[in-house]
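Welcome! Here are a few short exercises to work through with the structure open beside you. Try each task before you read its solution.

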Amino acid sequence: MDAKTKYKAKKIKIVFFDIDDTLRIKDSGYMPESIKRAFKELKKKGILTGIASGRAMYGVVPEIRELHPDYFVTINGAYVIDGNGKVIYDNPMPASIKDSYVAWAEDENIEYGFAGKDEAVISTRVPLIDDALVPVYGQTRVNPEFHKTDDVYHMWTFSKDNPDLQLPEDLADHLRLVPWHPHSSDVVLYNTSKASGVAHVLDKVGLRPENVLFFGDGPNDLEMFDYVGLKIAMGNAVPELKDKADFVTKSVEEDGILYALEELDLVEKELHFPQLDLDNHEGPLATIKTNQGDLKVRLFPEQAPKTVANFIALAKDGYYDGVIFHRIIPDFMVQGGDPTATGMGGESIYGESFEDEFSEELYNLRGALSMANAGPNTNGSQFFIVQNKNFPYSAKELKRGGWPEAIADAYLAGGTPHLDRRHTVFGQLADQASFEVLDKIAAVETGAQDKPLEAVTIETIEVED
């Protein structure tokens, strides 16, 4: 995410969400649990939330209502209420426009429907209509004359040729088609849209478009993208929306909304520290077999995917077999992985140095497996294991310095926090026996350049994926 997008995020006071294929999957009804956390965290930060949808309130499913957004912009902006049900804007269509639209649709043999305040109705029941409308409103009532007796907020076309439909000139002066389904378009008043509905909310709360972040996925979100200050397209969004987006996040199933909000620093990241909970971590287990004993290491591919892939591939190729720990400094670390035993050699599987992978969830605690390097983004094959157990700081000092509380407390058992964000952590010793072997290796006699007088050799590295 670029700096310009993050700068825009600093102005955000309200976040609006489309529903279908943004907050939830329309066809399956799936909504990730992360959505609840996203709404909760936004409210905790004092950021308002809203729904901006083509759906009417009777089409807003219970799980969306239970998020308790502050505002609902519904029926493409024609009906807007606050979270308590108080009406902010109510704009049904004029009778003459409804009549003219129905006359045109019947002349053109186009099926149609109406979105009223309390229900959706259709001109007839055919599979073409049900395919579009049932996932949104369920089985709707048939009443082709509904517009004569009830308020209508928008209408629909239903046609196999829907992408090619055009309103006649007299209707196009008042109405426009907003495609939302391969066989259907919303028919809305020319000056009415989700964006105009959001504008009524902004007028009420004293905000401007630059204060609005909007999440969307479909072509009916294009106008919102033209209006708001910060626009995020879902990973499953249509290409034309992605082209307009400030940022393209992950899909609904991949927790795209929470991911984007975390990246924008609008909600706090929910961190997990696998080094502190190895029993519940399912990453690969590497056993570094040495002539001093075995070092069992749990690896973290989720936080350092490229680094772990490099280590595993080299291990399985036998690259480390017979390689020594060429640099050993007690109360600091033991370093190996260089076939030349000089500290100057070693290559990655990528054929060149590769970039650092710093994670907010991994730290150079005692027992951490980290990459040795010659500066930023110079990783190859060399690694070290942190051995220090005489920690020179206090947890209070680390917390003041920005380390998470749980990590600061864990550092009391040893580690090298000054190496954090300088060396990629990608594993952690997995049992007490391995720590005993680590301390045994650290205690060997060394000579010039901290090289052991008697070789400490990696016999092989076995990996259980």
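**Exercise 1.** This is a predicted model. Is E355 buried, partly exposed or exposed, and which residue is its salt-bridge partner?

*Solution.*
Step 1. The relative accessible area of E355 is 35%. Buried would need a value under 20%, and exposed one over 50%, so E355 is partly exposed.
Step 2. Now look for the partner: E355 pairs with K306, and their closest N and O atoms are 3.3 Å apart.
Step 3. Place both ends on the chain. E355 sits in the loop between β18 (333–336) and β19 (368–371), while K306 belongs to helix α11 (residues 305–316), so the salt bridge ties together parts that are 49 residues apart in sequence.
Step 4. K306 has a relative accessible area of 26%, so K306 is partly exposed too.

**Exercise 2.** Find the salt-bridge partner of K316 and say how many residues apart the two are.

*Solution.*
Step 1. The partner is D465, with 2.6 Å between the closest N and O atoms.
Step 2. D465 lies in the segment after β22 (458–464) and K316 in helix α11, so the pair links distant parts of the chain, 149 residues apart.
Step 3. Both D465 and K316 are exposed.

**Exercise 3.** Which residues form a network with D246 through shared salt-bridge partners?

*Solution.*
Step 1. Begin with one pair: the side chains of D246 and K231 form a salt bridge, 3.7 Å from N to O.
Step 2. D246 is in the loop between α9 (239–244) and β14 (247–248), and K231 is in strand β13 (residues 230–233), so this pair joins parts 15 residues apart in sequence.
Step 3. Add K8, and the network of K8, K231 and D246 is complete.
Step 4. Check K231 itself: its relative accessible area is 14%, so K231 is buried.
For context, the whole structure holds 27 salt bridges.

**Exercise 4.** Where are the nonpolar cores, and which helix gives the largest share of the largest one?

*Solution.*
Step 1. The largest nonpolar core has 52 residues, and F17, I64, L213, F215, I257 and L261 touch the most other members.
Step 2. Helix α5 (residues 127–137) gives the largest share of this core, six residues.
Step 3. Zoom in on I64: leaving aside residues up to four places away in sequence, I64 touches I19, L23, R24, M31, I51 and P69.
Step 4. A second, separate core has 31 residues, among them V297, L299, F325 and I441.

**Exercise 5.** Which residues does the "PPIase cyclophilin-type" annotation cover?

*Solution.*
Step 1. An unreviewed UniProt entry annotates this domain at residues 293–463.
Step 2. Over residues 293–463 the chain is 20% helix and 19% strand, with its end C-alpha atoms 16 Å apart.

Notes
Residues numbered from 1 in each chain as written. Predicted model: local features only at pLDDT ≥ 70, side-chain atom pairs only at ≥ 80, totals over all residues. Heavy atoms only, no water. Core = buried A, V, L, I, M, F, W, Y, C linked by side-chain atoms within 4.5 Å. Buried < 20%, exposed > 50% of the residue type's maximum accessible area, 1.4 Å probe, protein only. Helix = DSSP H or I, 4+ residues; strand = E, 2+ residues; numbered from the N terminus. Contact = heavy atoms within 4.5 Å. UniProt positions renumbered as here; feature names shortened; annotations may be inferred. Salt bridge = Lys/Arg side-chain N within 4 Å of Asp/Glu carboxyl O.
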